[in-house]
Amino acid sequence: MSMLASYLTLAAVLFCIGFYGVLTKRNAIIVLLSIELMLNAVNLNLVAFSKYGVNPALTGQIFSLFTMTVAAAEAAVGIAVLIVLYRSKATVNADEFDELRR
Amino acid sequence: MLNFNIDFTGEFFAFFLLSVCAIVGAVLAINFAKVVHMALSLAFTFVSLAGLFILLQAEFVAFVQVLLYVGAVTILMIFGIMMTKHQDEEKARSRPLLETLAAIGCLCLFGILFYAIRAASFPLPAAKLPDNNTLEIGKLLYSAYAIPFELVSVLLTVAFIGAVALAKREEEKP
Amino acid sequence: MLKDIPVLSLIALIPLAGAVLLLFLPGRRSTWPRGVALAFTAIPLILSAWLFAGYEPILGGKAFAEHFTWLSIPLNAEAWGPDAAVASYRLVFDYRLGIDGISLPLVLLTGVVSLMAAIASVHIRKRWKTYYALFLLLQTGMYGVFLARDLTLFFIFFELTLIPMFFLIGIWGYFGREKAANRFLLYNGLGSAFMLFAFLILIATLGFSAEAATAGGNAFSFTGDYEVLLAHLSDPNAPANIAQPGNAMYLSDSLKWTAFVLLLIAFGIKLPIFPFHTWMLKVHTEAPPSVVMIHSGILLKMGVYGLIRFGAFLLPEQLDAWAPVLATLGVINILYGAVLACAQKEFKLVLAYSSISHMGIVLLGIASLNEIGLQGAIYQAVSHGLISALLFLVVGTLYERTGTTKLDELGGLARSVPFTAGILLTAGLASLGLPGLSGFVGEFLAFLGLFGSMKALTAVGALGVLLAAVYVLRSVLGITFGPMPERFIGMKDARFVEALPMVALAAVILVLGVYPSLLTDLMQHGFDGLLKQLSTKAGG
Amino acid sequence: MATVFSPYAWLVPAFPFVAFAVLTAFGRSLSRTGAWLATAGTFLSLVLSLVIAIERMTGAAEDYRGGYEWLRIGDFSLPFGFEVTNLAALMLVVVTLVAFLVNLYSLGYMKGDDRISVFFAYVSLFTFSMLGLVLADNLLLLYIFWELVGVCSFLLVGFWYQKPEAKAAAKKAFIVTRIGDIGLLIAILLLFWYMPDHALDFVSLHNVFDPQNGGTISLGITTLIALLIFLGAAGKSGQFPLHVWLPDAMEGPTPISALIHAATMVAAGVFLVVRTFDVFEASQAAMDTVAIIGAFTAIFAATIGLAQNDIKRVLAYSTVSQLGYMMLALGVGSVPGAMFHLFTHAFFKALLFLGAGSVIHAVHTQDIREMGGLGRRMKITAWTFGIGALSLSGIPPLAGFWSKDAILAAALADRPWLFVVGAIAAFFTALYMSRLFFLVFFGKPRGEHGAQAKESPGVMTFPLLVLAALAVVAGFANTPWNGWLGQWLTGNAEADHASALAIVVSVAVGLLGFYIGWLVYVKGAVRRDVLSSRLPGVVRLLERKYYIDELYAWLFVRPLRALGDALTAFDTHVVDGAVRLVGAAANGIGKLNTRLQNGQLQTYGLAGLLALVVLVVAIAGRRFW
């Protein structure tokens, strides 16, 4: 048994915590951050497989780099959207954004 | 059952320490009352993860992790917090049903994932990663992954322009 | 000459043409729509009468059959495995119309009742054009149901009756009309879903056939053609009858049972069989009388027809095995309906429950599975159609004048409207099975048929005849006899346009009661195939 | 001599039918002409019936049959036809004669009614149906006419439909007889499936149940069939326990009571048993039942008749009692006795009813306590009524004596204890008839109308005279020393039951009954209330007709009503409730889903997460079972 299982378990824990945060946190910024946490858990998986996978290769690491880049872009746009929302509704509480119902 | 059959090597100790840090950071982030504290404890998790990346022989990724997450994303978030009216504290109006269900769902999901991990058998790696993998990554990025790399840069540009366009205060119409 | 024109298609589609024509005519006043509707309702009746005259029971109406392929959808051959010898799989929809001793009486019934209902539609006070267009559309559906000889086609026509009916109830009904219409649609939609499921089972098994080999290999097709299904049913070499592992087309016993129970529920809702009857009560009380004439007179009979046509002919063993169940359901229907009819305070509800009771007799006839009982079932269906149409016609006429159908608000009408009261009494007597009127013949034949196999059940069911006397007399005498309330003084008796369909229906009821051979002669060879199949199954 | 007229027997019912059709179609415009038309139609029938009867009496004893196929299903066919036998010929004469006289009478009686044409249409329809019943050559056709006469009876009982009592009586008449009809119907079904070739005609019945080729149908089934037929007959003929409708049926016009509820239709039950007598003969149990029910009904109804105060009801119970006699006769195996009594009873009971009608016409009440002293004012009515009453009481040499004597003699020969019952019933008969007669026609007028009462017009008294004559002479058709009628009917000279004891006893009880009546109601030797003061319970029991109606109401009507209400509740709450529950469930799920759609992303995410978990568990979990 290699360390792979341990890394994967850790990633699963982080992913679930992140998911929980996404589902329950009121503050939209924390929700965004929780999403980053989930993405990080995925990155951990990718990198762990890159080392301990059947065919170790750098592809996993490169993938994680791309993920991070996209995550950065997402964070930037997310914050921008939040600020716009904040301007119109004067709150960043996720449970007060119910535009989807309208 | 939880017999991981682990060799108590140095790598293991490092892993153990770092993973405890990561989990503690994440759990604290969920439980803190103040938004800034949450953001900071998540930053702590990100740093721990960077350590784990180093353990996994991904020094470049670890570097990017620190640079991007700790340096950029967290700071961005903190700016976001500053720019919005945050009541600092999570308000008392809790949603017990949602939280309970979310906890149950996440625990179930973790259970499933854990079961899958435990059930799967991982063959030993056939080869080792090249030692100088930062160099190798660089080579790969500019050869095999050149087009995705360029696309990502375009994406980033678009994202930043978009962010600016979105966040820019619209001029009041007369 | 009769053989040269597609008379069946004409019967089924002329009302549709009328409906289309109506769309181009002015609908400000009732004259035009009414005229057109009457004309286009009368033509199919005349054609059916012509059919009646030219029908020969021995031929079983083969002379009139119409058939061509309507749609042929190629199926993906690869899905069936890499068999090089297979050239094509096709799903074929046929347009097949036919007539035999079972459907012809019902077609005639449809013609008569529709025309009478059209004449009786004078009570309709608004939106004539829409009303008559829907009315004609409904007729196309009904004729189609009785004429179609293809499962898919039958289903389409069956559904076609639902839509106009929904609007007819929902727009022109009484106070609870929307609810009644909804309930009607929901129940019948559910029934149709069951029916479709059963039909798909049958098409996928019995409907599978290998056509002649072509240059590219074998050609296979799925079809809902009723004649093909019947042929496959008795053909031991048909794929549906070969129990072989890997034969996906094998119609196993469990599949047959599934299909049978589905069909029983589907047509049981329509019939209606207890406990699926509550929708009918709403329709009977809320729909306008002319629509109830159609509904009680014809639409319920589609359930009877479907049960015999598909339940009995395609799944005879299942029906045979379940005959006691059907008979028990029939007896429950008879007694339950009758007892409830005795307790109602609203005349339309009395009639609704009496319909349930009478349809129980139809079930008894079907359950008998001999020629007498089956003919009795059809006869009873036709006769109940006529009688209930007449009764609702009278109800409509009375409601026009008194503004109520509550039994305790009515009374003594024999004095103020003697003609209508007389017709009501006649219809009531027909309904309780007075010999000399058509109701008796159907009842008698159904009981006679079932008595051959299930004596005790029949005897219990015969109690329904007694209860029929109780509820009919209670309600009819309650309306017509007794002292007349003052507010009914000076009421006018039925106008000519109301009296005409009353007299016509009463005359048909009388003629069928005095000379039943008129109808039974038509059915003479209608059940030959089924009975032969049952006897060979029993023998072998 | 060849049968010349019998092939045209179908014309006998045809005349009244034509009259009915014409009256129904043009009735309103015809009014009184229509009434005459109906009478004329019946008269033609009468003439033809007489011709046929005479033809048959003079030798041509061949039974005639004719008909057509009514219904054909596969291999079965149900033919309809008519059959002229001596029995049928006799019944034809009885029916047409009484019908004609009643028609004539009604011309006077119904004069003022504005629905006179409807009345005559109904009467014509009834006459047609009754004649058809008589001529029917098979059980099914008989059943059809059987129901038709029932309907006519119903229509005529409810003729004055505005009276709530008439409405109730009509309903009761129809429903109670229907109970019997269902018995008959089931008997027909049984016969259809057990008879060889599904034959239902009387000739086949006769052949199959003939003791010589017995065993075709097992004894149990035979008994069942016989009892079911008897149930039908009991319904129609007002035998206990289905007698309750007949007295109530007196709400109809009096001529109708005479025609339908005394002379013809109620006798149809007896006729039916006679027609299917072979079935009964094959089963001793059935015979016993018929005899016992008959005897019981005879004495039971006679006792009720003692305590009634409505002139027509007394006669009605008398009819029930006399029909019981006929059944008793059949039960002891004497077809001639039954038919003979039917024959004579038709005349004298019709006479009594028409006489009662004449009285009612004059005094406008039916309560005998308000009559009295009418004998001086209505001589013809009084005399003819007296003849009828004596005939019914069995005073020789009137018709009733001979027929009753025949029955009692047969009973004595077969089962003496039935003879005793019959004799007691005969005593009661004489008693209530004398009570009725003396109360109505003797003494002083007690009602306000009694003093001004006038004799009825000739059109009403003529039938009375004819019937009175018949009530005198009809008995000589079959005297103990001249069994002509019995021989003619059954075809074989039956062993004569004539017995001196029977004659003596029947004369004695008849005279005794009449004498006591005279003592009480004319001479006043015994106070009238002697019985009611001594035994109030018994009198009350008789006045209330043994509480049978109340018992039935308690036993059948109320449970049915309660069951109906209970099932209504079941239907609306359980059956429909289940439907509504399904609807409500769908609605509830919809509501729940609406709550889920609160527009918050986190809720959606949660739903997604839970769904994912469920999905994974469902897919991955499959390997565990």
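Q: What keeps chain A and chain C from being counted as partners in contact?
A: No contact joins chain A and chain C. Two residues are in contact if their C-beta atoms, placed from the backbone, lie within 7 Å. The closest C-alpha atoms of chains A and C lie 28 Å apart. Chains B and C share no contact either, with their closest C-alpha atoms 34 Å apart. This is a predicted model, in which local features need pLDDT of at least 70 and side-chain atom pairs count only at pLDDT 80 or more, while totals for chains, interfaces and linings use all residues. Residues are numbered from 1 along each chain as its sequence is written, and chains are lettered from A and ligands numbered from 1 in the order in which they are written.

Q: Which pair of chains shares the most contacts?
A: Chains A and B do, out of four pairs of chains in contact. Chain B puts in 75 residues and chain A puts in 61 residues. On the chain B side, helices 1 to 6 of chain B each give two or more residues. Helix 3 of chain B gives the most, with 13 residues. Helices (H or I, at least four residues) and strands (E, at least two) are DSSP runs, numbered from the N terminus.

Q: What classes of residue make up the side of chain B that touches chain A?
A: That side has 58 nonpolar, 10 polar and seven charged residues. Ala, Val, Leu, Ile, Met, Phe, Trp, Tyr, Cys and Pro count as nonpolar; Asp, Glu, Lys and Arg count as charged; the others, Gly among them, count as polar.

Q: How many residues join chain B and chain D?
A: Seven residues of chain B are in contact with seven residues of chain D. The chain B side there has six nonpolar, one polar and no charged residues.

Q: Why is chain A called more spread out than a compact globule?
A: Start with the elements. Chain A has three helices and zero strands, in the order α-α-α from the N terminus. The radius of gyration of chain A is 17 Å, while the globule rule gives 13 Å for 102 residues. That radius is taken over C-alpha atoms, and the rule is 2.2 Å times the number of residues to the power 0.38. The value for chain A is well over the rule, so chain A is more spread out than a compact globule. Its C-alpha trace spans about 50 × 25 × 20 Å along the principal axes.

Q: What makes helix 2 and helix 3 of chain A parallel or antiparallel?
A: Helix 2 (residues 28-52) and helix 3 (residues 59-89) of chain A pack at about 175 degrees, with their axes 9 Å apart. Axes are lines fitted to C-alpha atoms, for helices over the stretch in contact, and angles run from 0 to 180 degrees between N-to-C directions. Under 35 degrees counts as roughly parallel, over 145 as roughly antiparallel, 65 to 115 as roughly perpendicular, and the rest as oblique. Helix 2 of chain A is therefore roughly antiparallel to helix 3 of chain A. Residues in this contact include Leu32(A), Leu39(A) and Leu46(A) of helix 2 of chain A, and Phe63(A), Ala71(A) and Gly78(A) of helix 3 of chain A. By class, the contact has 13 nonpolar, eight polar and one charged residues.

Q: Why is Leu450(C) called buried or exposed?
A: A residue is buried if 20 or more other C-beta atoms lie within 10 Å of its own, exposed if 12 or fewer, and partly exposed in between; C-beta atoms are placed from the backbone. Leu450(C) has 33 within that distance, so Leu450(C) is buried. Leu450(C) lies in helix 17 (residues 438-451) of chain C. Beyond its neighbours within four places in sequence, its contacts include Ala327(C), Leu364(C) and Thr458(C). Leu364(C) is 86 residues away in sequence, yet the C-alpha atoms of the two are 6.3 Å apart.

Q: How do you know that helix 10 of chain D is largely enclosed by the rest of the structure?
A: Count its residues. Helix 10 (residues 254-263) of chain D has 10 of 10 residues buried, so it is largely enclosed. Among them are Thr254(D), Ile260(D) and His261(D). The buried residues pack against other helices of chain D, including helix 3 (86-109), helix 9 (245-248) and helix 15 (335-363).

Q: What is chain D built from?
A: Chain D has 26 helices and two strands. Of its 625 residues, 56% count as buried. Its C-alpha atoms fill a box of roughly 110 × 60 × 55 Å, along the principal axes.
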